[in-house]
Amino acid sequence: MSFGDQPCLEGRTIALRGLHASDRTGLFRAACDPETWAGHPARDRFNSDVFDPYFDFLLNAGGTCVVMDLTSNDLIGCSRYYVGPDAPDDIAIGFTFLNHSFWGGAVNFELKTLMLDHAFSTFDRVWFHIDPTNIRSQKATAKLGAVLMAKRELELTGAGKKATWLCYALDRDAWTRVKAAKR
(Lines give C-alpha, C1' and ligand atoms only; values in the text may rest on other atoms or scores of the structure.)
Protein backbone atom coordinates (compact mmCIF):
# COMPACT_ATOMS: atom_id res chain seq x y z
CA MET A 1 0.00 0.00 0.00
CA SER A 2 1.44 3.35 -1.04
CA PHE A 3 0.46 6.53 0.76
CA GLY A 4 1.80 10.00 -0.01
CA ASP A 5 2.40 11.51 3.41
CA GLN A 6 3.36 14.96 2.10
CA PRO A 7 0.71 15.66 -0.50
CA CYS A 8 -0.09 18.96 -2.16
CA LEU A 9 -3.72 19.62 -1.25
CA GLU A 10 -5.78 22.75 -1.80
CA GLY A 11 -9.02 23.86 -0.24
CA ARG A 12 -11.03 27.07 -0.44
CA THR A 13 -8.85 29.10 1.96
CA ILE A 14 -5.72 27.01 2.62
CA ALA A 15 -3.24 24.79 0.83
CA LEU A 16 -0.97 22.05 2.18
CA ARG A 17 2.40 20.88 0.92
CA GLY A 18 5.37 19.03 2.32
CA LEU A 19 7.62 20.75 4.87
CA HIS A 20 11.01 21.95 3.59
CA ALA A 21 14.08 23.15 5.48
CA SER A 22 13.52 26.59 3.95
CA ASP A 23 10.16 26.83 5.80
CA ARG A 24 11.80 27.36 9.20
CA THR A 25 11.45 31.16 9.24
CA GLY A 26 7.91 31.23 7.85
CA LEU A 27 6.67 28.53 10.20
CA PHE A 28 8.34 30.20 13.18
CA ARG A 29 6.51 33.42 12.26
CA ALA A 30 3.26 31.45 12.60
CA ALA A 31 4.41 29.96 15.93
CA CYS A 32 6.08 32.93 17.64
CA ASP A 33 3.03 34.33 19.44
CA PRO A 34 2.54 32.94 22.98
CA GLU A 35 -1.23 32.86 22.47
CA THR A 36 -0.79 30.18 19.76
CA TRP A 37 0.49 27.80 22.44
CA ALA A 38 -2.03 28.70 25.16
CA GLY A 39 -3.50 25.47 26.51
CA HIS A 40 -0.88 23.38 24.72
CA PRO A 41 1.54 21.22 26.74
CA ALA A 42 4.51 22.95 25.03
CA ARG A 43 3.51 26.43 26.21
CA ASP A 44 6.95 27.89 25.47
CA ARG A 45 7.21 26.75 21.85
CA PHE A 46 6.92 30.39 20.74
CA ASN A 47 10.59 30.76 21.76
CA SER A 48 13.02 29.98 18.95
CA ASP A 49 15.21 27.80 21.20
CA VAL A 50 12.17 25.58 21.86
CA PHE A 51 10.67 25.85 18.38
CA ASP A 52 13.87 24.91 16.52
CA PRO A 53 14.13 21.35 17.95
CA TYR A 54 10.40 20.87 17.22
CA PHE A 55 10.95 22.02 13.62
CA ASP A 56 14.00 19.75 13.27
CA PHE A 57 11.96 16.79 14.55
CA LEU A 58 9.14 17.51 12.06
CA LEU A 59 11.59 17.89 9.19
CA ASN A 60 13.52 14.71 10.00
CA ALA A 61 10.50 12.57 10.90
CA GLY A 62 8.75 13.19 7.58
CA GLY A 63 5.04 13.30 6.86
CA THR A 64 4.72 16.96 7.85
CA CYS A 65 2.69 19.36 5.76
CA VAL A 66 2.77 23.12 6.14
CA VAL A 67 -0.51 25.03 6.02
CA MET A 68 -0.53 28.09 3.80
CA ASP A 69 -3.20 30.81 3.84
CA LEU A 70 -4.24 31.27 0.20
CA THR A 71 -5.07 34.95 0.70
CA SER A 72 -1.65 36.01 2.01
CA ASN A 73 0.50 33.01 0.95
CA ASP A 74 1.86 33.01 4.53
CA LEU A 75 2.50 29.81 6.44
CA ILE A 76 -0.01 29.61 9.29
CA GLY A 77 0.82 26.23 10.82
CA CYS A 78 1.48 22.59 10.09
CA SER A 79 0.25 19.06 10.68
CA ARG A 80 1.76 15.63 10.27
CA TYR A 81 0.87 12.13 9.08
CA TYR A 82 2.62 9.32 10.94
CA VAL A 83 2.19 5.67 11.86
CA GLY A 84 1.40 5.29 15.55
CA PRO A 85 3.04 2.45 17.48
CA ASP A 86 -0.38 1.39 18.78
CA ALA A 87 -1.95 1.07 15.29
CA PRO A 88 0.76 0.14 12.77
CA ASP A 89 -1.76 -0.75 10.04
CA ASP A 90 -3.46 2.65 10.18
CA ILE A 91 -2.34 6.26 9.84
CA ALA A 92 -2.35 9.02 12.45
CA ILE A 93 -2.62 12.80 12.19
CA GLY A 94 -1.02 15.00 14.79
CA PHE A 95 1.68 17.48 15.78
CA THR A 96 -0.75 20.10 14.47
CA PHE A 97 -0.68 23.77 15.27
CA LEU A 98 -2.34 26.80 13.71
CA ASN A 99 -1.53 30.40 14.50
CA HIS A 100 -4.14 31.57 17.02
CA SER A 101 -5.54 34.17 14.61
CA PHE A 102 -7.00 31.23 12.63
CA TRP A 103 -8.72 29.64 15.64
CA GLY A 104 -12.48 29.63 16.06
CA GLY A 105 -13.29 29.62 12.38
CA ALA A 106 -13.43 27.08 9.62
CA VAL A 107 -9.67 26.72 9.02
CA ASN A 108 -9.07 23.74 11.33
CA PHE A 109 -12.04 21.88 9.85
CA GLU A 110 -10.79 22.65 6.33
CA LEU A 111 -7.29 21.46 7.29
CA LYS A 112 -8.62 18.23 8.76
CA THR A 113 -10.99 17.73 5.80
CA LEU A 114 -8.10 17.92 3.35
CA MET A 115 -5.94 15.59 5.44
CA LEU A 116 -8.68 13.12 6.34
CA ASP A 117 -10.03 12.84 2.80
CA HIS A 118 -6.49 12.13 1.61
CA ALA A 119 -5.92 9.58 4.39
CA PHE A 120 -9.23 7.81 3.78
CA SER A 121 -8.28 7.32 0.13
CA THR A 122 -5.88 4.66 1.48
CA PHE A 123 -6.84 3.81 5.07
CA ASP A 124 -10.07 2.80 6.82
CA ARG A 125 -9.17 4.42 10.14
CA VAL A 126 -7.22 7.48 11.28
CA TRP A 127 -5.81 7.96 14.79
CA PHE A 128 -5.15 11.08 16.82
CA HIS A 129 -2.86 11.05 19.88
CA ILE A 130 -3.58 13.95 22.20
CA ASP A 131 -1.90 15.05 25.40
CA PRO A 132 -4.40 14.67 28.28
CA THR A 133 -3.96 18.36 29.20
CA ASN A 134 -4.78 19.63 25.69
CA ILE A 135 -8.52 20.17 26.08
CA ARG A 136 -8.81 22.32 22.92
CA SER A 137 -7.50 19.48 20.73
CA GLN A 138 -9.66 16.89 22.48
CA LYS A 139 -12.80 18.93 21.76
CA ALA A 140 -11.79 19.64 18.16
CA THR A 141 -11.04 15.96 17.53
CA ALA A 142 -14.38 14.86 18.99
CA LYS A 143 -16.14 17.31 16.63
CA LEU A 144 -14.58 15.39 13.74
CA GLY A 145 -16.37 12.24 14.92
CA ALA A 146 -13.32 10.61 16.50
CA VAL A 147 -13.90 8.46 19.57
CA LEU A 148 -11.60 8.10 22.57
CA MET A 149 -10.39 4.49 22.48
CA ALA A 150 -7.65 4.34 25.11
CA LYS A 151 -5.15 6.14 27.28
CA ARG A 152 -1.68 4.76 26.57
CA GLU A 153 1.99 5.28 27.30
CA LEU A 154 3.56 5.77 23.85
CA GLU A 155 6.76 7.15 22.37
CA LEU A 156 5.75 9.47 19.52
CA THR A 157 8.41 12.16 19.42
CA GLY A 158 11.55 10.24 18.53
CA ALA A 159 13.13 11.26 21.84
CA GLY A 160 13.00 7.70 23.22
CA LYS A 161 10.76 8.77 26.10
CA LYS A 162 7.21 7.49 26.55
CA ALA A 163 4.41 9.85 27.50
CA THR A 164 0.72 9.48 28.24
CA TRP A 165 -1.54 10.02 25.23
CA LEU A 166 -5.29 9.91 24.72
CA CYS A 167 -5.83 7.77 21.62
CA TYR A 168 -8.79 8.73 19.44
CA ALA A 169 -9.88 6.77 16.36
CA LEU A 170 -11.98 7.96 13.44
CA ASP A 171 -13.34 5.55 10.86
CA ARG A 172 -14.32 6.40 7.31
CA ASP A 173 -18.09 6.02 7.90
CA ALA A 174 -18.12 8.34 10.92
CA TRP A 175 -16.14 10.92 8.95
CA THR A 176 -18.57 10.68 6.04
CA ARG A 177 -21.48 11.36 8.44
CA VAL A 178 -19.73 14.37 10.00
CA LYS A 179 -18.95 15.88 6.60
CA ALA A 180 -22.53 15.35 5.40
CA ALA A 181 -23.88 17.09 8.51
CA LYS A 182 -21.60 20.10 7.87
CA ARG A 183 -23.05 20.69 4.39
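**Exercise 1. Place Asn99 in the fold and describe its surroundings.**

Let's start with location: Asn99 sits in the loop that joins strand 5 (91-98) to helix 3 (107-119). Helices here are DSSP runs of H or I with at least four residues, strands are runs of E with at least two, and both are numbered from the N terminus. This is a predicted model, in which local features need pLDDT of at least 70, side-chain atom pairs count only at pLDDT 80 or more, and totals for chains, interfaces and linings use all residues. Residues are numbered from 1 along each chain as its sequence is written, and side-chain values use heavy atoms, without hydrogens and water.

Next, accessibility: Asn99 counts as buried because its relative accessibility is 13% (buried is under 20% relative accessible area, exposed over 50%, partly exposed in between, with a 1.4 Å probe and protein chains only).

Finally, partners: leaving aside neighbours within four places in sequence, Asn99 is in contact (heavy atoms within 4.5 Å) with Arg29, Ala30, Thr36 and Ile76.

**Exercise 2. Sort residues of helix 1 by side.**

First, pick out the buried residues of helix 1 (residues 24-31): Gly26, Leu27, Ala30 and Ala31. They lie on the same side of the helix because they cover an arc of only 140° around the axis, taken from the directions from the helix axis to the C-beta atoms.

Now turn to the other side of helix 1, where Thr25 and Arg29 are exposed.

Then look at the cover: helix 2 (48-61), strand 4 (75-82) and strand 5 are among the elements covering the buried residues of helix 1.
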